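Welcome! Here is a short briefing to read alongside the structure. Take a moment to look it over, and then follow the topics below.

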Amino acid sequence: IAGSISTLRLDVLQTNGDSEVKTPRDALWYLLNEQPHEQYTATSHWDNKVSEQLLRGDGFTWIRRRMNGSVAALQPLPWGAVQPWRMPDGAVRYYITMPEFGVTTWLEPSDILHFPGHGFDGVRSMSVIAYGAKNAIGNALAMDDYSGKFFANGAHPSFILEAADKMGEEQIARLQTAFQNKYSGSENFHRTPLVLTEGLKARELSLSAEDAQLLEARKFQVVDIARAFGVPPHSIGETSGASAVGAGYEQQARDFVMHTLRLHIKRLEQELNRKLFPRDTGKFVRFDLGDLIEGDSKAQAEYNRAALGGPGTGFGWMTVNEVRKGKGLPPVEGGDVIFDPSKPQATPQPEGATP
């Protein structure tokens with residue numbers, strides 16, 4: 001989730017009547033998309049904040065302003081360095097403590113970007129791990145520990161050593177220690193043959209990872225944790241399902257954007273809009289989801305063909321140059337006209353071409 005969001009471009013737009021217009025790239029655009037603070041790239045900043053939001057419940061960024069009120073920098077704050085506190089009058093203050101930088105202060109809500117997670121109560125949010133995946137992650141950690149020990153011992157089946165005569169406790173302890181030192185551990189597995197004397201016999205217990213259903217259980221925990229975060233399993237490498245390829249994969253990817261990423265993105269956008277722009281300016285920010293929701297090349301071609309309009313298709317709602325701009329291509333002469341089947345249309349010409 002954090003990785004996907006951190007790669008998106010954040011546009012600054014201005015309302016113009018009923019339409020929206022992208023504003024020219026300025027200092028604020030640079031802070032949001034390139035370098036919010038001298039120690040961070042924008043990708044690192046958004047990855048950090050969304051990760052904290054998911055794992056801890058909240059992410060915090062300090063809005064460092066100039067004397068005239070303009071934004072000079074967006075400084076990410078460690079989750080543990082920020083303590084929101086509700087005052088007796090209902091207002092909230094944010095106490096910042098970073099001894100390593102000599103910073104101990106408090107901020108008004110207008111000077112800090114507070115990116116909340118699920119269950120926000122005005123002060124703190126709920127961590128996905130603590131409230132949605134605690135048992136699943138605990139089980140996964142336990143299985144990691146077990147499988148680590150299992151394979152550290154060479155993934156070797158257990159043995160029972162049988163003696164024809166009775167053995168004393170000291171003899172049993174010495175035999176167990178000698179056997180463990182010689183045959184336990186992956187470095188000793190299949191290294192030397194097992195030689196038994198004095199009438200001893202070894203009987204194998206055929207216990208394996210598969211018999212203990214370890215592998216299946218670990219696969220289930222992967223899916224269970226992904227479910228808590230709203231992530232399709234194929235996004236984290238679990239591709240055993242039949243729907244993880246072809247059209248099923250593409251649909252799951254689109255569902256991930258529409259039903260998981262959009263929620264987190266909307267939280268980020270609304271917090272940025274209410275803290276960075278006065279209410280009456282008509283300015284706002286929006287993440288560009290174009291790269292994430294585009295289909296394959298065939299689907300894109302069909303969409304663009306419908307958007308441009310034409311015989312048998314009817315009115316268009318995009319111009320040739322708008323489509324070209326979305327692909328990073330330069331405009332062409334005559335490419336700024338919306339198709340209208342009732343009017344003759346000029347054929348757009350590439351730059352430098354003679355009509």
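A good place to begin is a cluster of aromatic rings, in which ring pairs link W46, F115 and F287. Please keep in mind that this is a predicted model. The chain has 355 residues, of which 32% count as buried, and it holds 11 helices and 11 strands. Among contacts with a separation of 6 or more, 55% are between residues 24 or more positions apart.

**Aromatic pairs**

- How many aromatic pairs does the structure hold? There are 3 of them.
- One of these is formed by W46 and F287, which meet edge-to-face, with 5.9 Å centre to centre and 80° between the planes.
- This pair links distant parts of the chain, as W46 lies in helix α3 (residues 42-55) and F287 in strand β11 (residues 283-287), 241 residues apart.
- Both partners are away from the surface: W46 counts as buried at 2% relative accessibility, and F287 is buried with a relative accessible area of 4%.
- F60 and Y94 also form an edge-to-face pair, with 6.1 Å centre to centre and 65° between the planes.
- F60 belongs to strand β3 (residues 58-65) and Y94 to strand β6 (residues 92-98), so this pair ties together parts that are 34 residues apart in sequence.
- Here too the partners are buried, F60 with a relative accessible area of 0% and Y94 with 4%.

**Charges over rings**

- The charged end of R64 sits over the ring of W62, 3.9 Å from the ring centre.
- In the case of R93, the charged end sits over the ring of W106, 3.7 Å from the centre.

**Helix α3**

- Does the span of α3 agree or disagree with what its 14 residues should give? At 1.5 Å a residue they should span 20 Å, and the end C-alpha atoms are 20 Å apart, which agrees.
- The buried residues of α3 include A42, H45, W46 and K49, and V50, E52, Q53 and L54 are buried as well.
- After α3 comes G57, which has a positive phi, near 115°.

**A closer look at Q53**

- Q53 is found in helix α3 and counts as buried, at 2% relative accessibility.
- Which residues does Q53 touch, leaving out those up to four places away in sequence? They are D58, G59, F115, P116, G117, H264 and R267.
- Q53 and H264 are 211 residues apart in sequence, while their C-alpha atoms are 9.1 Å apart in space.

**The sheet β4-β3-β8**

- Three strands make up an open sheet in the order β4-β3-β8, with antiparallel pairing.
- The edge strands are β4 (71-77) and β8 (112-116), each of which pairs on one side only.
- From one strand to the next, the twist averages 20°.
- β3 and β8 pair in the antiparallel sense over 5 bridges, and G59 has F115 in β8 as its bridge partner.
- Helix α3 packs on this sheet, touching β3, β4 and β8, and its direction makes about 140° with that of β3.

**The sheet β5-β6-β7**

- Another open sheet of 3 strands follows the order β5-β6-β7, again with antiparallel pairing.
- Its edge strands are β5 (82-86) and β7 (103-107), and each pairs on one side only.
- Neighbouring strands of this sheet are turned by 20° against each other on average, direction ignored.
- Between β6 and β7, which run antiparallel, there are 5 bridges.
- Which residue in β7 is the bridge partner of T97? That residue is T104.

**The hairpin β1-β2**

- Strand β1 (residues 10-16) and strand β2 (residues 19-22) run antiparallel and are joined by 4 bridges.
- Q14 stands opposite V21 in β2.
- The two strands form a hairpin with 2 residues between them, and G17 in the turn has a positive phi of about 70°.

Methods
Residues numbered from 1 in each chain as written. Predicted model: local features only at pLDDT ≥ 70, side-chain atom pairs only at ≥ 80, totals over all residues. Heavy atoms only, no water. Pairing = 2+ DSSP bridges. Phe/Tyr/Trp six-rings, centres within 6.5 Å; stacked < 30°, edge-to-face > 60°. Buried < 20%, exposed > 50% of the residue type's maximum accessible area, 1.4 Å probe, protein only. Lys NZ or Arg CZ within 6 Å of the ring centre and 35° of its normal. Axes fitted to C-alpha atoms, helices over the stretch in contact; angles between N-to-C directions. Expected span 1.5 Å × (residues − 1). Contact = heavy atoms within 4.5 Å.
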